[in-house]
Amino acid sequence: METFKSHQSVQATADRLRIHRLSHTDALNDFAGDVRAGLTATPKRLFPKYFYDELGSRLFEAICLLPEYYPTRAENEILSRYANEIVNSFEGYKTVLEMGSGSASKTRSIIEAILRQQPDLLFIPVDISATALENSSRELLQSYPELRIEAYAGEYFDGLAALRERPQGTHTLALFLGSNIGNFDQDEAHQFLRALRNVLRAGDGLLLGADLKKDPQVLEAAYDDSLGVTAAFNLNLLVRINRELGGNFEPRAFCHVVKYDQEKGCVETYIESAIAQVVRVSGLEIDVQLDKGERIHTENSFKYDLEGLSRMATETGFTRARTWLDKREQFSSNLFLAVD
Ligand code: AVJ
């Protein structure tokens, strides 16, 4: 009887989960093409989406535990403290759409607050990592016996394109948490928010996590921690190129460099060559020449203020209806409402 029972509960869990793999883009070819373009460009660059291989994803989870990296703790504080208020801003959310859900641990506060209002909820996570989606979905379904999940494994814009095909029945709260928006420059942020607005109906909500402008020393420490975890996260890109594209980067011959550009409101991260060197990437049949002190740009993390967030909302079909801050006022959770 015992085995029958557990078999049934596994079945029931599987019934409540669908994972769509948006596989028309070949991830490895994208990586190869982008690395080739980025390492032969002037100045050199690599994209932050490539940080998140298996080790990179784990290093990011470690970053979230660092004393210097305040955003995760600040956002968790806001979501656990104000989840009821956030979901009560609108009665009857029946769908939660999360872009870049990752491990979906912060999402739980929101899901639980909605389930306290009413039991019927569909969760639609979109994430580049199918493994992260499978793991987080399984855990969520076990915690919430009524929850249904329709997951999309793919990039943001592919996920949003797929979602446009879906019938729009119920009121939706979209989530874009963790200051993921910070990786976009202004044009990209606008494009992304407009694409997201297009899958929502007027009156739907978007809870947007945005890190705030602050003392440059605090910001630089958050991206250059004393244990060197963020340095490892950054340099792991080179290790990934070595493994997947046959590179011979020596990570010890490079340094992690972080600069806050106060004018732009952007923490810029680089991999800097400590010596003049030539690196072979055999899978791409290229030799990459680096001067001593030459930098490869790897990430932008844009910081916001409330005026900038209001402007961004109105320019993309939303209005900033409410904002919640953590006690130290380091991070903002913003409720954008979709307008006609
Ligand atoms: C995942 C984009 C929100 O920019 O703060 C953390 C990534 N990089 N430490 C951020 C990151 C280095 C993070 N986001």
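1. The open sheet in this predicted model has four strands in the order S2-S12-S9-S8, with mixed pairing, where two strands pair if DSSP finds at least two bridges between them and strands (E, at least two residues) and helices (H or I, at least four) are DSSP runs numbered from the N terminus. Its edge strands, each pairing on one side only, are S2 (44-45) and S8 (254-261).

2. Strands S8 and S9 (residues 266-273) run antiparallel and are joined by eight bridges; Asp261 has Cys266 in S9 as its bridge partner.

3. Helix H10 (residues 229-245) lies across S8, S9 and S12 (295-302), at about 55 degrees to S9; contact here means heavy atoms within 4.5 Å, and axes are lines fitted to C-alpha atoms, for helices over the stretch in contact, with angles from 0 to 180 degrees between N-to-C directions.

4. The ligand is surrounded by 13 residues, the closest being Tyr69, Gly178, Tyr223, Glu299 and Ser301, where near means a heavy atom within 4 Å. Helix H3 (54-63), H10 and S12 each supply at least two residues of this shell.

5. An N or O atom in the side chain of Tyr69 is 2.5 Å from a ligand oxygen, a polar side-chain atom of Ser301 lies 2.6 Å from a ligand oxygen, and an N or O atom in the side chain of Glu299 is 2.7 Å from a ligand nitrogen. Taken alone the ligand exposes 350 Å², of which the protein buries 97% (Shrake-Rupley method, 1.4 Å probe).

6. Residues are numbered from 1 along each chain as its sequence is written. Local features need pLDDT of at least 70 and side-chain atom pairs count only at pLDDT 80 or more, while totals for chains, interfaces and linings use all residues, and side-chain values use heavy atoms, leaving out hydrogens and water.

Key. A polar contact is a pair of N or O atoms within 3.5 Å; within protein, one must be able to donate a hydrogen and the other to accept it, and residues adjacent in sequence count only if both atoms are side-chain atoms.
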